[in-house]
Amino acid sequence: MRQVFHEELEQVSNDLVELAHLVGSAIRRSTSALLDADVQLAEQVIEADQEIDERRNMLDSKAIDLLARQAPVASDLRAVVTSMRMSSDLERMGDLARHVAKVARLRYPENAVPADMRASFLQMGHVAERIVARVADIIVTQSLEGTRAIEEIDDELDELHRSMFARLADSRWEHGSSAAVDVALLSRYYERFGDHAVTVARRVRFLVTGEADGVDHEDVDVDDGA
């Protein structure tokens, strides 16, 4: 019976990895849609978010079924509950990729990102891809070193986010209020994307060590209202 339980728990872990890969694809494609003013790609990202939501729901259903049938305790219980929470974090990361795509769609055929800020957003996109790829890795390896690496990568996103706001606050800003709002929102979406990756890393750390690390609070994501 315990062997069956651990096989099913391993499948839940595999589902989490697949979910992380979907989120990685979403943030990569939403960044491309944003920088290229590609409305068709933006629409694809927005529509594909439904698959992320469905995968999250299926994963949670499996976890609930495990709880009901196997009544796990101790570390096994921690693994099932933590998996459900990580699926929520990943689903929120998918939502943030969708928000980026929505801004691209809203401003089409114009580009939401001023030309002199394209490089910064391209960098944010690349860092976001790196951090979610590392998330997929630590779900499998449960590496504590990997969880620390995620926090270091998130520091890069935080620094880019701060630099964006420094640009917005500069008296030489010349792109108007609409562009300022877009840049502020977009930068925030990428920054929150990284924050959720850090939360997953802390959940993995909790799974391995049993020590809570401030991961049980509920976060409220900024929304684009679209």
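In this predicted model, helix α2 has 32 residues and reaches 47 Å from its first C-alpha to its last, close to the 46 Å expected at 1.5 Å a residue. At the start of α2, the backbone nitrogen of Q40 has a side-chain oxygen of D38 within 3.2 Å. After the helix comes A71, whose phi is positive, near 45 degrees.

Helix α5 can be read in a similar way. Its 26 residues reach 38 Å from first C-alpha to last, close to the expected 38 Å. Here a side-chain oxygen of S143 comes to within 3.3 Å of the backbone nitrogen of E145, at the start of the helix. An α-helix has 3.6 residues a turn, so residues three or four places apart point the same way. With that in mind, it is worth following the buried residues of α5, among them G146, I150, I153, L157, L160, M164 and L168. The buried residues of this helix pack against α4 and α6.

What lies at the heart of the fold? The largest nonpolar core has 66 residues, and those with the most contacts inside it are L34, L90, F121, I150, L186, Y190 and F193. At least two residues of this core come from each of α1 (2-36), α2 (39-70), α3 (74-107), α4 (118-141), α5 (144-169) and α6 (176-209).

F121 offers a good place to look inside this core. Which residues does F121 contact, leaving aside its neighbours within four places in sequence? They are T31, L34, L35, V113, M164, V183, L186, S187 and Y190. One of these partners, M164, is also among the buried residues of α5.

Methods. Residues are numbered from 1 along each chain as its sequence is written. This is a predicted model: local features need pLDDT of at least 70, side-chain atom pairs count only at pLDDT 80 or more; totals for chains, interfaces and linings use all residues. Side-chain values use heavy atoms; hydrogens and water are left out. A nonpolar core is a set of buried Ala, Val, Leu, Ile, Met, Phe, Trp, Tyr and Cys residues joined through side-chain atoms within 4.5 Å. Buried means under 20% relative accessible area, exposed over 50%, partly exposed in between (1.4 Å probe, protein chains only). Helices (H or I, at least four residues) and strands (E, at least two) are DSSP runs, numbered from the N terminus. Contact means heavy atoms within 4.5 Å. The expected span of a helix is 1.5 Å times one less than its number of residues. A polar contact is a pair of N or O atoms within 3.5 Å; within protein, one must be able to donate a hydrogen and the other to accept it, and residues adjacent in sequence count only if both atoms are side-chain atoms.
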